[in-house]
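Welcome! Here is a short tour for anyone meeting this protein chain for the first time.

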Amino acid sequence: MLVHFRLTTPSDLSGEVLDLLREGSWTTNVTVQRGACLDPEGDLIECDVAREKAGVLLHCLNEAGVDRRGGIVVSTPTGTPFDRAEEIEALAPGHPDDAVIWEAVEAKAAGGAQPTVSFHIFLVLAVALAAVAVITDSAILVVGAMVVGPEFSAIAAASAGVVLGSWSIVHRSLRLLLFSFVFAILVVAVLAVGAHLSGAVTPDMITRARPNTGFIWKPDIWSFVVALIAGAAGVLALAIDRTNVMVGVFISVTTVPAAGNLALGIALWQRQEVVGSLEQLGANVAGMLVSGVLVLAVMKVAWPAITAGSERLPGWSGRRRT
């Protein structure tokens, strides 16, 4: 698997960048178009690099100052059916599926900490769906609510921010988690009050025995264990860009269902439901944050050795910024 780099470089940096690309044994398809870029002005340089070494190349380009004075666009081709691609993949130690590009991880974390309108809408819809699941005692709706909920992106962002030392990302993601959940729970609680006044929802609907959904407000040690495992799987998938794993993470923890139960508990003022839901919500978020930080910290320190990689490519010493 190769990664494609599209670089806009000032003319005085182009020679240094081209030398950097040609020195590496894990690059191919190096091209340059002199004066092709108008904003910012400079040369257009492109290349393909083995995914295992994309992070190292990106670090070297940043040290050379390309990120400050030019532009860097990284993309993944859908296919690379030529012999040289196979050769450089074989030369690069480790497997491309294990490659971590930390700059990309930080960019994803920054995106996950953004308080977008769509994030709030999705969470409100997910909590509302969870509330309906509680009323109808539907396990299927519980799963649906967990899939719709967007909260893991903010949890993963906070974990990545801690490990990467980006405290602004940590602050933004935790603030987003807090205010988005408070907003969604209040909106659904208001709707539930209206439903109660109309007679559509009654207290016994949530206080009765609920064999399919009762677990979402009764936390135990296994709730925390599941949150730990799900958080670890989620940040690992984020780091190595395995988005297909994320659905499994979403439906493993009862964060959103607990919020839906909490909204109903507040609306109908069922203290036991409120306390249990808060405990479940807290256990899930805390477990995912703890395991997320631990897994990313281990990866940051030991992942190159574990995957038979290296911190710096032979011949790719990088240039310090001046």
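What follows is a briefing on a predicted model, grouped by topic. The mean pLDDT of the protein chain is 87, its sheet has four strands, and two of its helices, α6 and α13, cross at roughly 70 degrees.

**Confidence in the model**

- A good place to begin is the overall score: 92% of the residues in the protein chain reach a pLDDT of 70 or more, and the mean is 87.
- Among the elements, helix α9 (residues 167-197) has the highest mean pLDDT, at 96, while helix α12 (residues 246-250) has the lowest, at 67.
- Please take care with residues 309-322, where pLDDT stays under 50. The model still has 45 contacts for this stretch beyond four places in sequence.
- Where pLDDT is low, the predicted coordinates should not be read in detail.

**The sheet and the helices on it**

- Follow the strands across the open sheet and you will meet them in the order β2-β3-β1-β4, with antiparallel pairing. At the edges are β2 and β4 (71-75), each of which pairs on one side only. From one strand to the next, the twist averages 15 degrees.
- Strands of a sheet pair through backbone hydrogen bonds, either parallel or antiparallel.
- β2 and β3 run antiparallel and are joined by seven bridges. To find a bridge partner yourself, look at threonine 28, which is matched with aspartate 48 in β3.
- Helix α4 (residues 83-91) packs on the sheet and touches β1, β2 and β3. The direction of α4 makes about 110 degrees with that of β2.
- Helix α1 (residues 11-23) lies across β1 (2-9), β2 and β3, and runs at about 10 degrees to β3.

**Backbone spots to look at**

- Most residues other than glycine have a negative phi, and most peptide bonds are trans.
- Aspartate 39 and proline 40 are joined by a cis peptide bond, with omega about 0 degrees. Proline 40 is placed in the loop between β2 (27-38) and β3 (41-50).
- Aspartate 137 has a positive phi, near 55 degrees, and sits in the loop between α6 (117-136) and α7 (139-148). With 12% relative accessibility, aspartate 137 counts as buried, because the cut-off for buried is under 20%.
- Tryptophan 269 also has a positive phi, near 45 degrees. The loop that holds tryptophan 269 runs between α13 (255-267) and α14 (271-306). At 62% relative accessibility, tryptophan 269 counts as exposed, because exposed means over 50%.

**Where α6 meets α13**

- Two packed helices are described by the angle between their axes and the distance between the axes.
- The axes of α6 and α13 come within 7 Å and cross at roughly 70 degrees, so these helices are roughly perpendicular to each other.
- From α6, the residues in the contact are Leu123, Ala126, Val127, Ala130, Ala131, Val134 and Ile135; from α13 they are Val256, Pro257, Ala259, Gly260, Asn261 and Leu264.
- Sorted by class, this contact has eleven nonpolar residues, two polar ones and no charged ones.

**A closer look at glycine 112**

- Glycine 112 belongs to helix α5 (residues 102-112) and is buried, with a relative accessible area of 10%.
- Leaving aside residues up to four places away in sequence, glycine 112 touches Ser153, Ala154, Ala157 and Leu176.
- Glycine 112 and serine 11 are 101 residues apart in sequence, and their C-alpha atoms are 35 Å apart in space.

Methods:
Residues numbered from 1 in each chain as written. Predicted model: local features only at pLDDT ≥ 70, side-chain atom pairs only at ≥ 80, totals over all residues. Heavy atoms only, no water. pLDDT = per-residue confidence, 0-100. Contact = heavy atoms within 4.5 Å. Buried < 20%, exposed > 50% of the residue type's maximum accessible area, 1.4 Å probe, protein only. Pairing = 2+ DSSP bridges. Axes fitted to C-alpha atoms, helices over the stretch in contact; angles between N-to-C directions. Parallel < 35°, antiparallel > 145°, perpendicular 65-115°, else oblique. Nonpolar A, V, L, I, M, F, W, Y, C, P; charged D, E, K, R; others polar.
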